Amino acid sequence: MVDTSTPRAYNSWWQARSDAWDRLEEASGQLAEPVLSGQPAGELIETASGLLDALTPVEQYWAFPGPEAHRRIRDLFASASYGRFASLVSRVTRGLVTESYRAGIGWSLADDESETEEAGAGAPGHDRPARPYFEVLFVETLTSGEEQALREEVRSWRRLGDDFAYELVVVASAEEAIIAAWLNANLQACVIGRRFAAAAVHDVSGLTDFRDSRIAGDLAGRGPDERYQVLARRLARLRPELDLYLMTETDIEDIAGHVSHHFRRIFHAREGLLELHRSILTGVAARYRTPFFEALRHYSHQPTGVFHALPISQGNSIVSSHWINDMVGFYGREIFLAETSATGGGLDSLLEPTGPLRQAQRLAADTFGARRTFFVTNGTSTANKIVAQALVAPGDVVLVDRNCHQSHHYGLMLSGAHVVYLNAYPLHEYSMYGAVPMREIKSQLLALRAAGKLDRVKLLMLTNCTFDGVVYDVGRVMEECLAIKPDLVFLWDEAWFAFARFHPVYRPRTAMRAARTLAELLRSPEYLTAYSQQAAALADDDESLLATRLLPDPARARVRVYSTQSTHKTLTSLRQGSMIHVYDQDFAQKVEESFHEAYMTHTSTSPNYQILASLDIGRRQAALEGYELVAKQVESAMRLRDAIDNHPLLAKYMHCLSTAELIPAEFRPSGIDTPLRSGLANMSKAWDVDEFVLDPSRITLYIGLTGIDGATFKREQLMDKFGIQINKTSRNTVLFMTNIGTTRSAVAYLIEVLVKIVRDLEDNATEMSPAQQAAHARAVLKQTAPCAPLPDFSGFHPAFLDRQAGAAADGGEPTPEGDVRRAFFLSYDDTRCEYLQADEVDQRMEAGQPVVSATFVTPYPPGFPVLVPGQLFSEEILEFMHSLDTPEVHGYDPQAGYRVYTGKALEIALEERA
Ligand SMILES: Cc1ncc(COP(=O)(O)O)c(C=O)c1O
């Protein structure tokens, strides 16, 4: 029996569409041979009819098989020509599966197979074409004759030597243009004509999630000039990578002067078609370019003699070796041909790029929405240190999430920052942290203001999104902070968020987009009015400032934003490929020099060219298919959630934590508990207003009821038995991260494995002795009962506090920032340190003596430093450490104990500070 239910489309029709065609192929095949299938024809007809109804409203948004083929399929079905119906459906399905339509050489509707193969479509085993293919959206009201003529004209321009091939998708309304941009990831360009309807012309009732409910209203009553501008803005917000063209018949010279910057070019309808065609190709070619990758490839095929370093260059030291030539067998020759230390000959120097590397970085800046982009070859660990050193001078105050990656702690230590650790909200039940609430950040800034230290506050560093997928409202954080400290600089650690730029719902919460939006906002007259009204009405006391959504003064606020991204974690790049993106209005004036020095400090003089080339080519991929890949990734993650939570056996032992479970209600004014699960429109709503949202591509699986802790589950069940790799675990959770390479088969395998694990648990349960049952019940209780609360940052010892802090001579509150560098380097003198076991620490604290850590102590998981150099021990910290059964604690040797400062060392340090 064929399943007729229309698969659910969460944020993309990709999987739903391909499933529907597969099912239609199966049903139509059985219909053509009802005797063989044994299924009553009535049922099959109903099935096929249901699937055709599901596909009809969406097929018009793709060029293949195209509206004509779809009409033909429906006609064959209606006229009960089931044999020909099945044959055509089968050809279309094969075309979609093999993607042979991407050859872009057209296909024939004739149902003669030989004709089809000649046309290149639907041929089984057809190789993926070398020439990339895309689709172009044409928004214009056309008769079917005009539409046909247009398609034919476009095809007539094709030349064998073209770098790309494309086909058209024609829609007649703004509403359908938006739907097409959502659904059809093949689109790379859009041509907007003068005549198009506002509201959809075809039935779009089944596509509510992808409809822009406001656009028809926004277009009503506007003249043609304004209408295409409105549509262009909407499309650019949804898919900024699309090249937009305007096709008009009147006053083109006049329009050209005030046309929105979103349009790449404007053409006169009667003279511009061939020129438009060329522009479409060059527009895509501009994103396709990979200057450094191409330079390296070119260089690798030049004959060279190597008379300096790098014997591996050209594979020379390997191919003639008797002992290591298997290396070439494994890696292939090309990678060694591309190994060179040359910076000339068409190549470039990473430390002073002037050629292809500079161009590659510029293209990356365009793609990621930055003003400047810098490639980094040692991961975001290095990127973070570069930014910290570039921006922070010794003694500057920096606010940072205590739960941030270790590279920030080391970076701040090296640059001599005085650090205020911010507390993220805790999730005690899962022994995890969320993110830092707005109120906590503002409170710390206001305390620094009260202490008269705001002028020393330089930087706020936050992780967006966190490892577990909690995403900030980046724009709001920056606005409110700038209202208190107008020149504050922001470093958003987006190690896990490079992909987010390529999805319309994620994008506004990325650092670079939020920076641009903020810069535009601060320039707008409406904003100035809103700010002036708030400034006139708002009392300047802490409580009012904390309770109000603050607006920065547009005359004083500077937009100074940095983002560090591990391209290798979420997009295509070799390991360690990262980027620093900059949107800093004061970069040229205040940072350029120090940034260069910091870059030199941390960058090898022999950077790895393969990593750099992979960043360049990974950028090309993101620019051309980022949207498609991310939408598919999110869809796969939602399917995985469904499969786990809807499986009766799995649901007995585990479930995927929802937004409501990971983000407390106080941070979710939308009140939506499961945003994407309840529809894309709800996801957009929550992502518009909530203080924190959850990245749906990450799945935190709660496994408390298995009685197995996260680390053991990862090692013994997932990795050792089934070869499934994951990274993060907590006491009772494991984190599954999907990525742009996650396949449907991989998702299916994971589900299969989870079911096997749970079946094993069930089998074991039936064979347990009473004693074993009691032990299992205890294990389950341990994983599900509350454990020691996660400790907040306890504070620095006064010897490492800022001199003004704590003095409060003017009656102000003391502020908590500590000099981590001083605390860190003090421990280089062995005589100032000693080792204490936990009970000795406890005794000293009970005796009223401060105990101060000389090192970072980081249990993994959860992976944040419970102690930093100079930090005071507390009862909560000891209790938390005691409750952990993780074997890996960096900075702590169970035999020796905790490395702490001696009482004498602290006395001397206090005196020295005074
Ligand atoms: C939040 C965060 N920042 C930075 C890094 C370091 O990134 P990389 O591995 O690219 O050095 C990581 C690594 O896991 C991370 O989780």
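Modeller: Helices (H or I, at least four residues) and strands (E, at least two) are DSSP runs, numbered from the N terminus. The model is predicted, and local features need pLDDT of at least 70, side-chain atom pairs count only at pLDDT 80 or more, while totals for chains, interfaces and linings use all residues. Residues are numbered from 1 along each chain as its sequence is written, and side-chain values use heavy atoms, with hydrogens and water left out.

Biologist: Is helix 13 roughly parallel or roughly antiparallel to helix 17?

Modeller: Helix 13 (residues 291–300) and helix 17 (residues 356–368) pack with axes 7 Å apart, at an angle of about 150 degrees. Axes are lines fitted to C-alpha atoms, for helices over the stretch in contact, and angles run from 0 to 180 degrees between N-to-C directions. Angles under 35 degrees count as roughly parallel, over 145 as roughly antiparallel, 65 to 115 as roughly perpendicular and the rest as oblique. Helix 13 is therefore, relative to helix 17, roughly antiparallel.

Biologist: How many residues of the contact of helix 13 with helix 17 are nonpolar?

Modeller: P291, F292 and A295 of helix 13 meet P356, L357, Q359, A360 and L363 of helix 17, contact being heavy atoms within 4.5 Å. Ala, Val, Leu, Ile, Met, Phe, Trp, Tyr, Cys and Pro count as nonpolar, Asp, Glu, Lys and Arg as charged, and the others, Gly among them, as polar. No residue of this contact is charged and 1 is polar; the nonpolar count is 7.

Biologist: Which helix supplies the largest share of the shell around the ligand?

Modeller: The 13 residues around the ligand each have a heavy atom within 4 Å of it. They divide into 2 nonpolar, 9 polar and 2 charged. Helix 18 (379–391) and helix 25 (567–570) each supply at least two. The largest share, 4 residues, comes from helix 18.

Biologist: How far is an N or O atom in the side chain of S566 from an oxygen atom of the ligand?

Modeller: A polar contact with the ligand is a pair of N or O atoms within 3.5 Å. For H568 the distance from a polar side-chain atom to a ligand oxygen is 2.8 Å, and for K569 it is 3.0 Å. For S566 the distance is 2.7 Å.

Biologist: Where is C465, which follows a cis peptide bond from N464?

Modeller: Most peptide bonds are trans. The bond from N464 to C465 is cis, with omega near -5 degrees. C465 lies in the loop between strand 11 (457–463) and strand 12 (470–472).

How values were computed. Polar contact = N/O pair within 3.5 Å; in protein donor to acceptor, adjacent residues only side chain to side chain.
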